[in-house]
Amino acid sequence: MRRILDSLFGDGNESSQRDDKNVSFQPDPVPEIALKIVVIGGMGVGKTSAIRRYTHGCFTHLHLPSIGIDLSTAPYRDTSTGTIYRVQFLDVAHAEVRGRHHKNVFKEAGGIVMVFDCGRAQSVTAVDEWRQVIEDIYLQPHEVHGRLPMLLLAHKSDLGPCVIKPSDLDTYCERGGYSMWRMTTAR
């Protein structure tokens with residue numbers, strides 16, 4: 001082993017061998033785990049803005065529709081365990097609801113975030129479309145419940161009252177197998 005290390009770090013001469021007494025060893029690095037989160041919903045509901053707020057801490061009024069799937073990554077440290085998660089957000093354009101690569105998008109996902117515009121009741125229709133895609137992939141709704149945590153975001157809550165009452169969202173989430181719902185804004 002010493003010869004291998006010497007060939008990597010030394011010049012091959014006996015005089016260049018390292019003095020093990022002066023070498024300090026670092027503790028094992030903090031574990032890092034990749035966590036894939038799929039973010040889906042209708043057009044213009046604020047999926048990209050919500051991701052950008054979390055990953056970059058900023059908001060822009062500029063609206064450019066997503067095409068295909070965008071990937072954003074941000075670190076997250078679990079303070080109780082010290083584990084660092086490399087959270088990968090897959091920002092999926094609504095047009096992909098009719099795509100053919102759903103199984104690849106959801107493969108190895110650690111969670112799903114569904115987003116709707118709380119000021120537009122019709123934006124929930126897109127959530128329902130995606131919900132059907134997920135059920136088609138996993139065959140049975142109860143399989144989704146046990147495999148993937150799903151969060152529903154009532155986004156753009158800063159732009160006015162939500163057209164869906166919180167009690168109705170509670171019922172909707174309970175029936176749909178969502179882990180929870182939250183009012184959010186990217187501003």
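Hi everyone, let's walk along the chain together: from the N terminus on, its elements run α-β-α-β-β-α-β-α-α-β-α-β. That gives 6 helices and 6 strands. Please keep in mind that this is a predicted model.

Let me begin with the whole chain. There are 187 residues, and 35% of them count as buried. The accessible surface comes to about 12,100 Å², with 54% of that belonging to carbon and sulfur atoms. Now, how much of the contact list comes from residues 24 or more positions apart? Among the contacts in the chain with a separation of 6 or more, such residues account for 70%.

Let's zoom in on one residue, H155. You can find H155 in strand β5, which covers residues 150-155. Is H155 buried or exposed? The relative accessibility of H155 is 2%, and buried means under 20%, so H155 counts as buried. And which residues does H155 touch, if we leave out those up to four places away in sequence? On the lower-numbered side, the list includes V45, G46 and A50, and also V115, F116, D117 and C118. Further along the chain, H155 also touches T184, T185 and A186. Please look again at T184, because there is a detail to add. The side chains of H155 and T184 are joined by a polar contact of 2.7 Å.

Right after H155 comes a residue with a backbone angle to look at. K156 is a residue other than glycine, and its phi is positive, near 65 degrees. K156 sits in the loop between β5 and α6, the latter being residues 166-176. With 22% relative accessibility, K156 counts as partly exposed.

Where else can you find a positive phi in a residue that is not a glycine? Try E108, where phi is about 60 degrees. This residue belongs to the loop between α3 (102-106) and β4 (111-117). E108 has a relative accessible area of 69%; the cut-off for exposed is over 50%, so E108 is exposed.

Now for the aromatic rings. A pair of aromatic rings is described by two things, the distance of the centres and the angle of the planes. How many aromatic pairs are there here? The count comes to 4. One of them is formed by Y54 and F89, an edge-to-face pair with 5.5 Å centre to centre and 75 degrees between the planes. Y54 is in helix α2 (residues 47-56) and F89 is in strand β3 (residues 84-92), so this pair ties together parts that lie 35 residues apart in sequence. As for their surroundings, Y54 is partly exposed at 45% relative accessibility, whereas F89 is buried, with a relative accessible area of 11%.

Another pair is made by Y76 and Y85, and this one is tilted: the centres are 6.3 Å apart and the planes are at 35 degrees. Y76 is partly exposed, with a relative accessible area of 42%. Y85 counts as partly exposed too, at 22% relative accessibility.

One last ring before I stop: which residue lies over the face of Y178? That is R131, at 5.8 Å from the ring centre.

To recap, do take another look at H155, buried in strand β5, and at the Y54 and F89 pair that links helix α2 with strand β3. Thanks for listening!

Notes
Residues numbered from 1 in each chain as written. Predicted model: local features only at pLDDT ≥ 70, side-chain atom pairs only at ≥ 80, totals over all residues. Heavy atoms only, no water. Helix = DSSP H or I, 4+ residues; strand = E, 2+ residues; numbered from the N terminus. Buried < 20%, exposed > 50% of the residue type's maximum accessible area, 1.4 Å probe, protein only. Polar contact = N/O pair within 3.5 Å; in protein donor to acceptor, adjacent residues only side chain to side chain. Contact = heavy atoms within 4.5 Å. Phe/Tyr/Trp six-rings, centres within 6.5 Å; stacked < 30°, edge-to-face > 60°. Lys NZ or Arg CZ within 6 Å of the ring centre and 35° of its normal. Areas by Shrake-Rupley, 256 points an atom, 1.4 Å probe, with all protein chains shown as cover.
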